[in-house]
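Reader: Hi! I'm new to reading protein models, and I'd like a close look at just one part of this one. Could you walk me through it?

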Amino acid sequence: MSTHQETQQPHTPHPQLLPSGCTATTSRLREAFLAADFTADGLLELLGAPAYTALARSETVPALRVTRGGSPLETLVRLFLLQRPVPRAQAHAALSQAYDAALASGWLVPAALPGDADDVRAAVDVRPYGGPEGQDWWIVSDLGCAVGGTSGVGDRAADVVLGVGGASTTLAGITVRTPVRRALDLGAGSGIQALHATQHASSVTATDVNPRALRCTVLTLALSGAAPPDVREGSLYAPVAHDEPFDLIVSNPPFVITPRADEASRLVYRDAGLSGDDVCRTLVRNAADHLADGGYCQLLANWQHVAGQDWRERLRSWLPPGCDAWVVQREVQDVTQYAELWLRDAGDHRAQPDGARSYAARYDAWLDEFERTGTQGVGFGWIALRKSGAADPAVTIEEWTHPVEQPLGDTVRAHFERQDFLRAYDDAALLGTRFRLADGVLQEQIGPPGAEDPEHVVLRQSRGMRRASQVDTVGAGFAGVCDGTLPAGRILDAIAQLVGEDQTVLRDRTPQAIRLLVEQGFLLPEPTDR
């Protein structure tokens, strides 16, 4: 039995080897996990919402209090989520026929703590994760490296592999999920993007500069019952330089803008070793060389806001020819916020051992680097490319910091499909098209109480991007009657008669407003035989 206090964090050294991913062992573990209900739904039911959400913040005390009973589920939670030693007999009862295999293949190891001779502990973090269609999946990463806590990774080795965090789930949610033949997860980490891709891609290739991350990806997919990926070690596109093109490329790359002076504290999962935002620029710029026609590249990125440069134009310069692009800036941090975020992520805010650079010295180095490069802030967001082959690609670069409704994969796909439509239809063809108002669009009227006419009319989406667009009374009236039965031109003629405006003038001035409503997804063109 363990003699340490329940709230004490056990020592979790960086293991040199990861467990075996043999099919027999992972199958037995998966069966044991399902039997104990060690799943996303099972965790929520056991822990309750407060303790469950606390885990996402790397706070374990609430979950420890709930898991004192020793049931199989409680035991598995303590082993694989809370990284607490448990008695061998208790682990055996929880894992049943999988116990011997888990011990032999390295999923479990002796606790090796004073007073814990009869205890075992987990060698890796295993987190239940719910798939998009209710699948029971498990994500494998290094011990004690849940994302979102305030303690940072601290003295972890440079090649540490993190589990699922907010960035991971964001990318998974925005990814287009149409069936494809070939998919690439570039910078696979713990394997969550590759795991999602196995559901709609015939083959999945996973790359990473960190061989330890590739091992975790293999374990994640094996434990979750997915087809094994083709894993390649190497940086950026080098591992697939001679492959045939991919229909989908996804990447949550190591985009953190780390000062060169702080290279000694580099962590592979977040720091690419390139200057500034060059890793994101390189991924975007070279994406077209590895995309099949019609293929998508979707990634998360940081970008510098440099004094004297428009950030939109800076990102526009990254875009490859022949690719439509949609760039969404979700957040901007000033350089002090950014430095503090990633110094804390590395645990540098904690007391440093003798001889280590102090938190203040590291902080100063980050600010020196930002001053040297003229960086005034750092943007974070999504970049989506589609290889359209267009001579004049459709490019949308915008800031949207408001809440959105995930998943957005269908929204991203529909965005590019609408760009195809707008590119193909001139104003005359546009007025001959039938449109319908998208589902979930509401109208708001703003003005003084009792006024005959509103000062502003706003169309607002309740789904997807949840955009709002101000329109005039003609635009509101037009959108309100778009049900797919009448061409746009005939609707405008009727509105012109109603408001006493010249039909030709209204037809001439309205197409641009219609294009904007189509581009933003308020109006959807009905299929035609054209």
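Reader: How do the residues of the lining of the second largest pocket divide into nonpolar, polar and charged?

Author: Sure, with one thing up front: this is a predicted model. In the lining of the second largest pocket you'll find 15 nonpolar residues, 19 polar ones and 13 charged ones. The pocket itself holds about 1300 Å³ of space. Its lining has 47 residues, and the ones closest to the pocket's centre are P407, L408, G409, D410 and T411.

Now, where does the lining come from? Four elements each give at least two residues to it: the strands β4 (125–130) and β19 (523–525), plus the helices α7 (166–174) and α14 (409–424). Of these, α14 supplies the largest share, with nine residues.

While you have the model open, take a look at a sheet further along the chain too. It's an open sheet of three strands, in the order β15-β16-β17, with antiparallel pairing. At its edges sit β15 (441–446) and β17 (468–471), each pairing on one side only. On average, neighbouring strands here are turned by 25° against each other, ignoring direction.

Zoom in on β15 and β16 (residues 456–461): these two run antiparallel and are joined by six bridges. To see one pairing for yourself, find I446, whose bridge partner in β16 is H456. Then there's helix α16 (residues 473–481), which packs on the sheet and touches β15, β16 and β17. The direction of α16 makes about 120° with that of β17.

How values were computed: Residues numbered from 1 in each chain as written. Predicted model: local features only at pLDDT ≥ 70, side-chain atom pairs only at ≥ 80, totals over all residues. Heavy atoms only, no water. Pairing = 2+ DSSP bridges. Axes fitted to C-alpha atoms, helices over the stretch in contact; angles between N-to-C directions. Contact = heavy atoms within 4.5 Å. 1 Å grid on protein atoms, 1.4 Å probe; cavity = no way out; pocket = protein on both sides within 12 Å on 5 of 7 lines; lining within 4 Å. Points joined across faces, edges and corners; volume = space filled by probe spheres on them. Nonpolar A, V, L, I, M, F, W, Y, C, P; charged D, E, K, R; others polar.
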